[in-house]
Amino acid sequence: MGEHRGGVDTEEKGSLNNLPALFETREAKGRVRVAYKVFASTVLVGICWIWLYRLTHFPRFSSSSSSGEGGEGGGIIRWWAWIGMFMTELCFGLFWIITQSARWKVIYRQPFKDRLSLSYEDKLPRLDIFVCTADPKAEPPMLVVNTVLSTMAYNYPTQKLSVYLSDDGGSEFTFYALLEASSFSKHWLPFCKKFKVEQRSPAPYFSRNSNPQDTIFAQHHLAIKKLYEEMKIRVEKAIESGSISEDIKNKHKGFLEWNSNVTKQDHHSIVKILVDGRNPNEVDVDGEQLPTVVYMAREKKPQWPHNFKAGSMNALIRVSSEISNAPIILNVDCDMYSNDTDTVRDAMCFFMDEKQGHEISYVQFPQRYENITKNDIYGNEVSPVHKIELAGLDGYGGALYVGTGCFHRRESLSGTKYSKDQRTEHNSMNGKTKHQTVGELEEASKVLANCSYEKDTEWGKEMGLVYGCPVEDIVTGLTIQCKGWKPVYYNPQREAFLGVAPIRLDLALIQYKRWSEGMFQIFFSKYCPFIYGHGKIKLGAQMGYCIYLLWAPFSFPVLYYLVVPPLCLLRGVPLFPQLSSLWFIPFAYVFVARNACSLAESIKCGDTLKAWWNMQRMWVIRRTTSYLFGFADTIMRYFGFSETSFTVTDKVVDAEVVKRYEEDTMDFGSDSIFFTIISTLALVNLSCLVMGLMLRGFEDFVAQMSLCGIMVMLNLPVYQALFLRSDKGQMPSSVMFKSVVVASFMCLMALF
């Protein structure tokens, strides 16, 4: 998988020290970090005072009623509710402490592309690019090939690029789209280079550059746009008709792989080299060499586990090692197109740095989206996560691998343990491929993509991506770090990759449900960072992983806080100190300080005030729906009642949904149990607030009333969807009926 040269001798070490560094690492501004640490210390003190209050003010366990304890049985209710509040606040406090690992040592990376070009231009390593798709209906072929074209057009020697498309759906329409895109690239690549186009994915480029002013450029622009539109029409016409015409099939023998027996879940291995980058005749219209382009559909059989995206990636690792065997691999999702022509050079600065490059396993870029609105109604972007949290984890050597937009060292991804005495030969190339024909390479590669190839091997365990988890990327990154490699997180000013965020609430929640379920499975497995990573990675990195791995179980403290205090307000059971009590101060301080800090981080990262508010709403919604069901599914899987599944997020939406999303209007137009929970909680808090203001005194219940009031304000879009809206995005009547019944029952139980 890559050649090595032995340990570096003393003379060579001296020469390496004189070479200019290709990147630098700097910590966040000292004064800001010191100020934050002081602030965090005060919050920790406040949390400890809250815990102390709960322990020292335990109510009496009594069935008799006392004043302010909610009538008969109020003492017992308050006693049990108090225990729940203590446990909930204990969880909140411990989780907050864990999150500080992502803010205590924030670092930023800066590569130097100019130095790379000056000193290493003739030594640039080969790059294999993996693009993965799984379903031609959820991920339209034109979306997929736009991503492929963007990666083919990097500002990098094309003879050193190889692009692999893994089609787990085994669709001849995806193959046809890639065939058309390979032909179109002969015109697209020269156009991008000639006019220094930055946006090299055709669809978004043409949507943003519709009326060029320069006459010469306008002529070329219109010509290339016409070619693209014609290609798009041909592909979409074939998909609409449901079959590829015989005329098209006769143009490429690759179509012979498809027959009536080929289905999405049952097909043989297909490997087709559409552009052979070794062939001097494979050139664009300007005579420049084209990158290698390969289509792969690994074998699938009903009786064999296919291990979802992890299985696809591992098949790509093996197939690419037979064809191009580049020492560096980039993997991107099919909807995550390249947005910066120099991204490859940025990544190579880290791998090729003579002092530290040999230690680096992967370089992870942020997962950003092109369709984020100004106020980010579904909280998809979460800027502080990209600009602060992930950079903070990098400070402890725990940069996460998030499954897309990541450059890997092939040997680290293939299971090799890091050794300081070994250095990769960046220009490694599988020598035997130079003399093999395209047909021979295809046949040899098919075997590597067969279902049976991995039987009784270490693939999915010690080699490649790890199997058995819906978030194979996170656990794979952890195992790589535990083998001694050092990852890098780099967040450039210009987004390196842009994808498509879910624009329907139900799709966004399903996506987070899958993520939270998969990450909790990691915590429940032998890969728990505190166990698997003990002595291998820093404690700060272990804690950093758990920020995300514990999403699912921390749904219960949030759910408790949103249900019990409001119902106790209705019952007349106080759970917080009186407004005039000194004990009220730590509760108020922790709440205000935490949210003020969160708001400051968001504003600093470029978010609007409304975007931050929307994120708080989504924070509550995710934890009471997606994470709750993620926890339940993990427990069911643990006891053998369910199996790991993978749901492809649908990228196809209608015009009305898009319009509502662009207007920052939440979409509740499906009969989802998620929406029933959201509506029920919103109605419970509204009812308890109204009745509490009428029945209870402000002095004793100010905290519970404030909590209900905040929830009511957060849920204004829910009330609108329930009672005021009449569009297709309104809450379905069935959801409204169930929510009203359940909320009414809960409130009546609290009253009587």
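# A walk around the model, from Lys196 inward

Start by selecting Lys196: with a relative accessible area of 70%, over the 50% cut-off, this residue is exposed. Remember as you look around that the model is predicted. Lys196 sits in the loop between α6 and α7 (202–208). Check its backbone too: phi is positive here, about 50°, although Lys196 is not a glycine. That is worth a second glance, because most residues other than glycine have a negative phi.

**Another positive phi**

Where does Asp456 lie? Select Asp456 and you will find yourself in the loop between α14 and α15. Its phi is near 60°, again a positive value in a residue other than glycine. Asp456 has 74% relative accessibility, so it counts as exposed.

**Along the loop to Cys451**

Stay in the loop between α14 (438–448) and α15 (472–482), and select Cys451. Is Cys451 buried or exposed? At 15% relative accessibility, Cys451 counts as buried. To see what lies around Cys451, show Glu299, Lys300, Lys301 and Trp304, which Cys451 touches when residues up to four places away in sequence are not counted. Now draw a distance from the C-alpha of Cys451 to that of Met736: these atoms are separated by 47 Å, and the two residues are 285 apart along the chain.

**Zoom out**

Show the whole protein as a cartoon. You should be able to trace 27 helices and 15 strands. The radius of gyration is 28 Å, close to the 27 Å that the globule rule gives for 752 residues, so the protein is as compact as a globular protein of that length. Turn the model along its principal axes, and the C-alpha trace spans about 90 × 65 × 60 Å.

Switch on the surface next. The accessible surface comes to about 31700 Å², and carbon and sulfur atoms hold 58% of that area. Of the 752 residues, 58% count as buried. If you colour by charge, there are 80 positive and 79 negative charges to find, and the mean positions of the two sets are 4 Å apart.

How much of the contact pattern comes from residues 24 or more positions apart? Such pairs account for 84% of the contacts with a separation of 6 or more. The next stops show some pairs that are apart in sequence.

**Pairs to pick out**

Select Val45 in helix α2 (residues 30–56). Val45 is partly exposed, with a relative accessible area of 46%. Add Val590: its C-alpha lies 9.1 Å from that of Val45, while 545 residues separate the two in sequence.

Move on to Gly242, in the loop between α8 (215–241) and α9 (246–249). At 47% relative accessibility, Gly242 counts as partly exposed. Select Phe173 alongside: Gly242 and Phe173 are 69 residues apart in sequence and 8.9 Å apart from C-alpha to C-alpha.

Then go to Met313, in helix α10 (residues 308–323). How accessible is Met313? Its relative accessibility is 0%, so Met313 counts as buried. Leaving aside neighbours within four places in sequence, the contacts of Met313 are Phe130, Cys132, Asn331, Tyr401 and Leu465. Take Phe130 from that set: its C-alpha is 7.8 Å from the C-alpha of Met313, across 183 residues of sequence.

**Into the nonpolar cores**

Hide the surface for the last part of the tour. In soluble globular proteins, nonpolar side chains tend to be buried together.

Which residues touch the most other members of the largest nonpolar core? Select Leu127, Trp188, Met348, Val363, Phe407 and Phe497, which hold that place among its 73 residues. Colour helix α6 (residues 172–194) as well: this helix gives the most to the core, with twelve residues.

Centre the view on Phe497. Setting aside neighbours within four places in sequence, Phe497 is in contact with Tyr154, Leu330, Val332, Met336, Tyr337, Ser338, Asn339, Thr343, Phe365, Arg368, Gly405 and Phe407. One of these partners, Phe407, is already in your selection from the core.

Finish at a second, separate core, which has 68 residues. Select Ala449, Ala501, Trp515 and Tyr627 to find your way into this one, as they are among its members.

Conventions: Residues are numbered from 1 along each chain as its sequence is written. Side-chain values use heavy atoms; hydrogens and water are left out. A nonpolar core is a set of buried Ala, Val, Leu, Ile, Met, Phe, Trp, Tyr and Cys residues joined through side-chain atoms within 4.5 Å. Buried means under 20% relative accessible area, exposed over 50%, partly exposed in between (1.4 Å probe, protein chains only). Helices (H or I, at least four residues) and strands (E, at least two) are DSSP runs, numbered from the N terminus. Contact means heavy atoms within 4.5 Å. The radius of gyration is taken over C-alpha atoms; the globule rule is 2.2 Å times the number of residues to the power 0.38. Accessible areas come from the Shrake-Rupley method with a 1.4 Å probe; for residues, only the protein chains shown count as cover. Lys and Arg count as positive and Asp and Glu as negative; His and the chain ends are not counted. The place of a charge is taken as NZ of Lys, CZ of Arg, CG of Asp or CD of Glu.
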